[in-house]
Amino acid sequence: MADSFLPPSPLFLREAEVRRGIELLYFGYSSLIKRADDKLAGTPYGRAHHRALYFMARQPGLTVSELLRLLDITKQSLGRVLTDLQDNGLVEQKVGERDRRQRRLFLTEAGKTFEHELFDLLRRRMAEAYAEAGQQAVGGFWSVLRGLLPPDLREAVADLQQGD
(Lines give C-alpha, C1' and ligand atoms only; values in the text may rest on other atoms or scores of the structure.)
Protein backbone atom coordinates (compact mmCIF):
# COMPACT_ATOMS: atom_id res chain seq x y z
CA MET A 1 0.00 0.00 0.00
CA ALA A 2 1.36 3.46 -0.93
CA ASP A 3 2.28 5.77 1.95
CA SER A 4 -0.22 8.42 0.84
CA PHE A 5 -3.08 6.05 1.70
CA LEU A 6 -1.97 5.11 5.21
CA PRO A 7 -4.02 6.55 8.09
CA PRO A 8 -2.54 9.51 9.96
CA SER A 9 -0.04 8.72 12.66
CA PRO A 10 -0.96 9.34 16.31
CA LEU A 11 2.01 11.73 16.10
CA PHE A 12 0.16 13.84 13.49
CA LEU A 13 1.93 17.09 14.47
CA ARG A 14 5.34 15.81 13.38
CA GLU A 15 6.91 17.53 10.39
CA ALA A 16 6.46 14.48 8.17
CA GLU A 17 2.73 14.32 8.90
CA VAL A 18 2.26 18.07 8.41
CA ARG A 19 4.14 17.89 5.10
CA ARG A 20 1.96 14.98 4.03
CA GLY A 21 -1.16 17.03 4.75
CA ILE A 22 0.17 20.01 2.82
CA GLU A 23 1.05 17.78 -0.13
CA LEU A 24 -2.39 16.14 -0.13
CA LEU A 25 -4.07 19.54 0.06
CA TYR A 26 -1.95 20.90 -2.77
CA PHE A 27 -2.41 17.92 -5.10
CA GLY A 28 -6.07 17.48 -4.18
CA TYR A 29 -6.82 21.12 -4.98
CA SER A 30 -4.86 20.96 -8.23
CA SER A 31 -6.80 17.87 -9.30
CA LEU A 32 -10.15 19.34 -8.27
CA ILE A 33 -9.67 22.65 -10.09
CA LYS A 34 -8.12 21.18 -13.25
CA ARG A 35 -11.45 20.47 -14.94
CA ALA A 36 -12.63 24.03 -14.38
CA ASP A 37 -9.24 25.36 -15.54
CA ASP A 38 -9.59 23.31 -18.74
CA LYS A 39 -13.00 24.87 -19.41
CA LEU A 40 -11.68 28.36 -18.62
CA ALA A 41 -8.79 27.85 -21.05
CA GLY A 42 -11.18 28.31 -23.95
CA THR A 43 -12.47 31.62 -22.59
CA PRO A 44 -11.03 35.04 -21.73
CA TYR A 45 -11.36 34.15 -18.03
CA GLY A 46 -9.04 32.77 -15.38
CA ARG A 47 -9.26 31.55 -11.79
CA ALA A 48 -9.93 35.03 -10.39
CA HIS A 49 -12.98 35.32 -12.65
CA HIS A 50 -14.10 31.84 -11.61
CA ARG A 51 -13.76 32.64 -7.92
CA ALA A 52 -15.68 35.90 -8.33
CA LEU A 53 -18.49 34.14 -10.19
CA TYR A 54 -18.62 31.43 -7.54
CA PHE A 55 -19.07 33.86 -4.66
CA MET A 56 -21.58 36.01 -6.55
CA ALA A 57 -23.60 32.84 -7.17
CA ARG A 58 -23.41 31.94 -3.48
CA GLN A 59 -24.54 35.40 -2.35
CA PRO A 60 -26.53 37.30 -4.96
CA GLY A 61 -26.29 41.01 -4.16
CA LEU A 62 -22.85 40.69 -2.61
CA THR A 63 -21.20 44.10 -2.38
CA VAL A 64 -17.92 44.87 -4.09
CA SER A 65 -16.27 45.36 -0.68
CA GLU A 66 -17.55 41.98 0.56
CA LEU A 67 -16.22 40.31 -2.58
CA LEU A 68 -12.86 42.02 -2.12
CA ARG A 69 -12.67 40.59 1.40
CA LEU A 70 -13.57 37.06 0.29
CA LEU A 71 -11.17 37.00 -2.65
CA ASP A 72 -8.36 38.82 -0.83
CA ILE A 73 -7.22 40.60 -3.98
CA THR A 74 -6.55 44.28 -4.70
CA LYS A 75 -9.25 46.68 -5.83
CA GLN A 76 -7.39 47.05 -9.10
CA SER A 77 -7.39 43.30 -9.74
CA LEU A 78 -11.06 42.99 -8.84
CA GLY A 79 -11.83 45.96 -11.07
CA ARG A 80 -10.29 44.17 -14.05
CA VAL A 81 -12.18 40.97 -13.26
CA LEU A 82 -15.52 42.75 -12.87
CA THR A 83 -14.97 44.78 -16.04
CA ASP A 84 -14.33 41.57 -18.00
CA LEU A 85 -17.40 39.88 -16.55
CA GLN A 86 -19.65 42.90 -17.08
CA ASP A 87 -18.41 43.60 -20.60
CA ASN A 88 -19.22 40.01 -21.53
CA GLY A 89 -22.69 40.10 -20.00
CA LEU A 90 -22.09 37.72 -17.09
CA VAL A 91 -22.39 40.20 -14.20
CA GLU A 92 -24.38 43.33 -13.48
CA GLN A 93 -23.98 45.91 -10.74
CA LYS A 94 -26.90 47.55 -9.02
CA VAL A 95 -26.87 50.43 -6.57
CA GLY A 96 -27.78 49.41 -3.01
CA GLU A 97 -31.34 50.15 -1.98
CA ARG A 98 -30.51 51.31 1.55
CA ASP A 99 -27.05 52.70 0.85
CA ARG A 100 -26.75 54.16 -2.63
CA ARG A 101 -22.95 54.15 -2.33
CA GLN A 102 -22.93 50.37 -2.34
CA ARG A 103 -22.53 48.46 -5.56
CA ARG A 104 -24.25 45.10 -5.37
CA LEU A 105 -23.24 42.33 -7.74
CA PHE A 106 -25.55 39.91 -9.49
CA LEU A 107 -25.01 37.22 -12.10
CA THR A 108 -27.02 37.61 -15.27
CA GLU A 109 -28.75 34.53 -16.70
CA ALA A 110 -25.65 33.92 -18.86
CA GLY A 111 -23.46 34.35 -15.76
CA LYS A 112 -25.58 31.88 -13.78
CA THR A 113 -25.35 29.34 -16.59
CA PHE A 114 -21.57 29.68 -16.95
CA GLU A 115 -20.97 29.56 -13.19
CA HIS A 116 -23.17 26.48 -12.88
CA GLU A 117 -21.22 24.71 -15.64
CA LEU A 118 -17.97 25.43 -13.78
CA PHE A 119 -19.48 24.45 -10.43
CA ASP A 120 -20.80 21.18 -11.82
CA LEU A 121 -17.27 20.18 -12.83
CA LEU A 122 -16.12 20.71 -9.23
CA ARG A 123 -19.27 19.30 -7.64
CA ARG A 124 -18.98 15.93 -9.33
CA ARG A 125 -15.36 15.45 -8.30
CA MET A 126 -15.95 16.69 -4.74
CA ALA A 127 -19.01 14.46 -4.32
CA GLU A 128 -16.98 11.44 -5.46
CA ALA A 129 -14.29 12.21 -2.90
CA TYR A 130 -16.89 12.80 -0.14
CA ALA A 131 -18.63 9.51 -0.93
CA GLU A 132 -15.31 7.65 -0.83
CA ALA A 133 -14.31 9.22 2.51
CA GLY A 134 -17.66 9.09 4.34
CA GLN A 135 -19.55 11.57 6.50
CA GLN A 136 -17.25 11.47 9.52
CA ALA A 137 -14.16 12.12 7.38
CA VAL A 138 -15.90 14.99 5.59
CA GLY A 139 -16.65 16.60 8.96
CA GLY A 140 -13.01 16.24 10.00
CA PHE A 141 -11.86 17.66 6.67
CA TRP A 142 -14.13 20.70 7.13
CA SER A 143 -12.76 21.19 10.66
CA VAL A 144 -9.18 21.22 9.37
CA LEU A 145 -10.06 23.65 6.57
CA ARG A 146 -11.88 25.96 9.03
CA GLY A 147 -8.74 25.86 11.16
CA LEU A 148 -6.72 27.13 8.19
CA LEU A 149 -8.93 30.22 7.85
CA PRO A 150 -7.74 33.41 9.51
CA PRO A 151 -10.11 34.28 12.38
CA ASP A 152 -11.33 37.48 10.68
CA LEU A 153 -12.51 35.49 7.63
CA ARG A 154 -14.33 32.70 9.49
CA GLU A 155 -17.51 34.75 9.99
CA ALA A 156 -17.64 35.75 6.30
CA VAL A 157 -17.25 32.12 5.29
CA ALA A 158 -19.92 31.03 7.78
CA ASP A 159 -22.25 33.66 6.28
CA LEU A 160 -21.98 31.89 2.91
CA GLN A 161 -23.59 28.84 4.47
CA GLN A 162 -26.66 30.72 5.72
CA GLY A 163 -28.52 30.09 2.45
CA ASP A 164 -27.89 26.33 2.46
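Guide: A residue is called exposed when its relative accessible area is over 50%, buried when it is under 20%, and partly exposed in between. The model shown here is predicted.

Visitor: Why is Asp72 called exposed?

Guide: The relative accessibility of Asp72 is 69%, and the cut-off for exposed is over 50%. Asp72 therefore counts as exposed. Asp72 lies in the loop between α3 (64-71) and α4.

Visitor: What is Asp72's phi?

Guide: Asp72 has a positive phi of about 55°, although Asp72 is not a glycine.

Visitor: Why is Glu17 counted as buried or exposed?

Guide: Glu17 has a relative accessible area of 15%, and buried means under 20%. Glu17 is therefore buried. This residue belongs to helix α1, which covers residues 15-40.

Visitor: Which residues does Glu17 contact, apart from its neighbours within four places in sequence?

Guide: With those neighbours left aside, Glu17 touches Pro8, Ser9, Leu11 and Phe12. Contact here means heavy atoms within 4.5 Å.

Visitor: Why does Gly89 count as partly exposed?

Guide: Its relative accessibility is 33%, and partly exposed covers the range between under 20% and over 50%. Gly89 therefore counts as partly exposed. Gly89 sits in the loop between α4 (75-87) and β2 (91-95).

Visitor: What is in contact with Gly89, leaving aside its neighbours within four places in sequence?

Guide: Thr108, Ala110 and Gly111 are in contact with Gly89 on that basis. As for Met126, the C-alpha atoms of Gly89 and Met126 are 29 Å apart in space, with the two positions 37 residues apart in sequence numbering.

Visitor: What makes β1 and β2 edge strands?

Guide: The open sheet has three strands in the order β1-β3-β2, with antiparallel pairing. β1 (62-63) and β2 each pair on one side only, and they are the edge strands.

Visitor: How do you know that β1 and β3 pair?

Guide: Pairing needs at least two bridges between two strands. Two bridges join β1 to β3 (residues 103-107), and these strands run antiparallel. In one of the bridges, Leu62 has Leu105 in β3 as its partner.

Visitor: How many bridges join β2 to β3?

Guide: Five bridges join β2 to β3, again antiparallel, and pairing asks for at least two. Among the partners, Glu92 is matched with Phe106 in β3.

Visitor: Why does Trp142 count as partly exposed?

Guide: Trp142 has 43% relative accessibility, a value to set against the range between under 20% and over 50%. Trp142 therefore counts as partly exposed. Its place is in helix α6.

Visitor: Which residues make the nonpolar surface patch?

Guide: Leu25, Phe141, Trp142, Val144 and Leu148 make the patch, of about 490 Å². A patch residue needs over 30% relative accessible area, and Trp142 is at 43%. Helix α6 (residues 135-148) contributes the most, with four residues.

Visitor: What does UniProt place at residues 15-150?

Guide: The unreviewed UniProt entry places the feature "domain: HTH marR-type" there. Over residues 15-150 the chain is 72% helix and 9% strand, with the end C-alpha atoms 22 Å apart.

Definitions and conventions
Residues numbered from 1 in each chain as written. Predicted model: local features only at pLDDT ≥ 70, side-chain atom pairs only at ≥ 80, totals over all residues. Heavy atoms only, no water. Patch = residues over 30% accessible without salt bridge, like charges linked within 9 Å, V, L, I, M, F, W, Y side chains within 5 Å. Areas by Shrake-Rupley, 256 points an atom, 1.4 Å probe, with all protein chains shown as cover. Salt bridge = Lys/Arg side-chain N within 4 Å of Asp/Glu carboxyl O. Buried < 20%, exposed > 50% of the residue type's maximum accessible area, 1.4 Å probe, protein only. UniProt positions renumbered as here; feature names shortened; annotations may be inferred.
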